[in-house]
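Please look over the sequence and the model below before reading on. The paragraphs that follow lead from a pocket to the positions a record marks, and then to some aromatic rings and backbone details.

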Amino acid sequence: MLYQLQNIVRHIAQTEVMPRFLNTPAYRKADGSVLSDADLAAQTAFAAALPLIIDCPMLGEEMPPALQSALWEQHAFSDGLWVVDPIDGTNNFVNGLPHFAVSVAYIENGRAKLGVIYNPVSGECFAAERGKGAFLNGTPLPLRLAEKKLNEAIAGVEIKYLRSGKLSSRMSTLAPFGTLRSMGSSTLDWCYLASGRYDVYVHGGQKLWDYAAGALIFEEAGGCLATLEGDEFWSGKHIFKRSVVAALEPKLFERWLKWIRDNQ
């Protein structure tokens with residue numbers, strides 16, 4: 001199934017997304033985020049293709065919020081649910097920045113079981129099946145795992161989503177890491193963390209479609225993760241939005257999490 005899913009994701013990205021890159025109208029949604037015709041075309045294509053792998057409903061980022069919530073409550077803990085972000089990094093996409101991805105996950109019993117994230121610009125396809133490892137174009141992840149001090153770490157940080165003013169302030173002024181990256185695609189952040197390109201990560205609140213595939217890929221690469229609130233990452237039915245604190249290397253994760261906890 002994972003092989004089939006990768007083929008579908010690649011095909012839809014290449015036929016529905018990339019032909020519209022640098023050439024698609026953009027709109028503002030009610031929440032202020034950006035929507036393009038490419039998002040809608042890709043989401044429609046996935047709705048038709050994914051049931052051929054597992055016949056269950058699909059939750060897409062561009063669906064109305066009420067429908068998204070109903071799909072999650074009714075299917076994520078029963079007959080399964082596909083979760084799709086047709087373009088993660090739409091703002092980059094419509095502005096011509098070549099850093100965006102297509103993300104698809106299959107959720108069962110409240111946890112991701114299959115996940116694929118594809119960057120159609122670089123041709124990198126990150127994929128995982130729970131219990132069977134994570135891969136980049138067939139190569140096992142992580143690509144590298146180096147023991148680093150926290151002050152040497154490359155950090156993926158989305159400061160504007162940190163709900164604690166104290167934490168965001170200290171992240172800006174007393175940052176314990178070496179250097180910061182914020183590139184506008186949460187799904188690729190997860191993949192870069194899983195592959196060893198980033199060392200540590202924090203985000204104040206990702207939507208389901210931002211993390212469903214990425215968190216699985218990261219976990220299957222051996223990464224460690226927690227939430228800012230202190231609960232288990234995949235806990236309960238109320239995980240439609242999740243904060244995350246993560247690192248690939250366990251000792252680095254302990255030091256990073258302690259700094260976060262001490263500065264919230």
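In sorting residues by character, Ala, Val, Leu, Ile, Met, Phe, Trp, Tyr, Cys and Pro count here as nonpolar, Asp, Glu, Lys and Arg as charged, and the others, Gly among them, as polar. With that division, the lining of the largest pocket in this predicted model comes out as 8 nonpolar, 14 polar and 12 charged residues. The lining consists of 34 residues, and those that lie nearest the centre of the pocket are Asp 31, Ser 33, Glu 61, Tyr 161 and Asp 210. The space inside this largest pocket amounts to about 950 Å³.

Which elements each supply at least two residues of the lining of the largest pocket? They are helix 3 (65-75), strand 4 (81-88), helix 4 (90-94), strand 12 (200-207) and helix 7 (208-220). Strand 12 gives the most, with 4 residues.

A database record can be set beside this picture. In an unreviewed entry, UniProt lists Glu 61, Asp 85, Ile 87, Asp 88 and Asp 210 under "binding site", an annotation of a kind that may be inferred rather than shown by experiment. Although these positions are spread over 150 residues of sequence, they cluster in space, with a largest C-alpha distance of 10.1 Å. The lining of the largest pocket takes in Glu 61, Asp 85, Ile 87, Asp 88 and Asp 210 from this set.

Two of the listed positions, Glu 61 and Asp 210, can be followed further. Glu 61 lies in the loop between strand 3 (58-60) and helix 3, and because its relative accessibility is 17%, Glu 61 counts as buried, the cut-off for that term being under 20%. Leaving aside neighbours within four places in sequence, Glu 61 is in contact with Lys 29, Gln 43, Gln 68, Val 84, Asp 85, Pro 86, Ile 87 and Trp 209. Asp 210, by its position, belongs to helix 7, and with 12% relative accessibility Asp 210 also counts as buried. With neighbours within four places in sequence again left out, the contacts of Asp 210 are Asp 85, Asp 88, Ser 186, Thr 187 and Trp 190. Asp 85 is thus a contact of both Glu 61 and Asp 210.

Phe 240 sits in the loop between strand 13 (224-226) and strand 14 (241-247). Beyond its neighbours within four places in sequence, Phe 240 is in contact with Leu 59, Gln 68, Ser 69, Trp 72, Gln 206, Lys 207, Leu 208, Trp 209 and Tyr 211. Gln 68 and Trp 209 appear among the contacts of Phe 240 and also among those of Glu 61. By contrast, Phe 240 and Ile 154, which are 86 residues apart in sequence, are 28 Å apart in space, C-alpha to C-alpha.

The aromatic side chains give another way through the model, which holds 14 aromatic pairs. In one of these, the rings of Phe 93 and Phe 100 have their centres 5.0 Å apart and their planes at 90°, so the pair is edge-to-face. Phe 93 is buried, with a relative accessible area of 0%, and Phe 100, at 1% relative accessibility, counts as buried too. In another pair, the rings of Trp 256 and Trp 259 have centres 6.2 Å apart and planes at 5°, so this pair is stacked. Both tryptophans lie in helix 8 (residues 250-263), 3 residues apart, about one turn of the helix. Trp 256 counts as buried at 0% relative accessibility, as does Trp 259 at 14%. Elsewhere, Trp 190, Tyr 201, Tyr 211, Phe 218, Phe 233 and Trp 234 form one aromatic cluster; of these, Trp 190 is a contact of Asp 210, while Tyr 211 is a contact of Phe 240.

Some backbone details remain. The peptide bond from Leu 141 to Pro 142 is cis, with omega near 5°, and Pro 142 is found in the loop between strand 9 (139-140) and strand 10 (154-158). Leu 22, although not a glycine, has a positive phi of about 70°; Leu 22 lies in the loop between helix 1 (2-17) and strand 1 (26-28) and is exposed, with a relative accessible area of 64%. Asn 137 likewise has a positive phi, near 50°, in the loop between strand 8 (134-136) and strand 9, and at 42% relative accessibility Asn 137 counts as partly exposed.

Methods
Residues are numbered from 1 along each chain as its sequence is written. This is a predicted model: local features need pLDDT of at least 70, side-chain atom pairs count only at pLDDT 80 or more; totals for chains, interfaces and linings use all residues. Side-chain values use heavy atoms; hydrogens and water are left out. On a 1 Å grid over the protein atoms alone, a cavity is a set of points where a 1.4 Å probe fits but cannot get out, and a pocket is an open set with protein on both sides within 12 Å along at least five of seven lines; lining residues have an atom within 4 Å of a point. Grid points are joined across faces, edges and corners, and a volume is the space filled by probe spheres set on the points. Rings of Phe, Tyr and Trp (its six-membered ring) pair if their centres lie within 6.5 Å; planes under 30 degrees apart count as stacked, over 60 as edge-to-face and the rest as tilted. Buried means under 20% relative accessible area, exposed over 50%, partly exposed in between (1.4 Å probe, protein chains only). Contact means heavy atoms within 4.5 Å.
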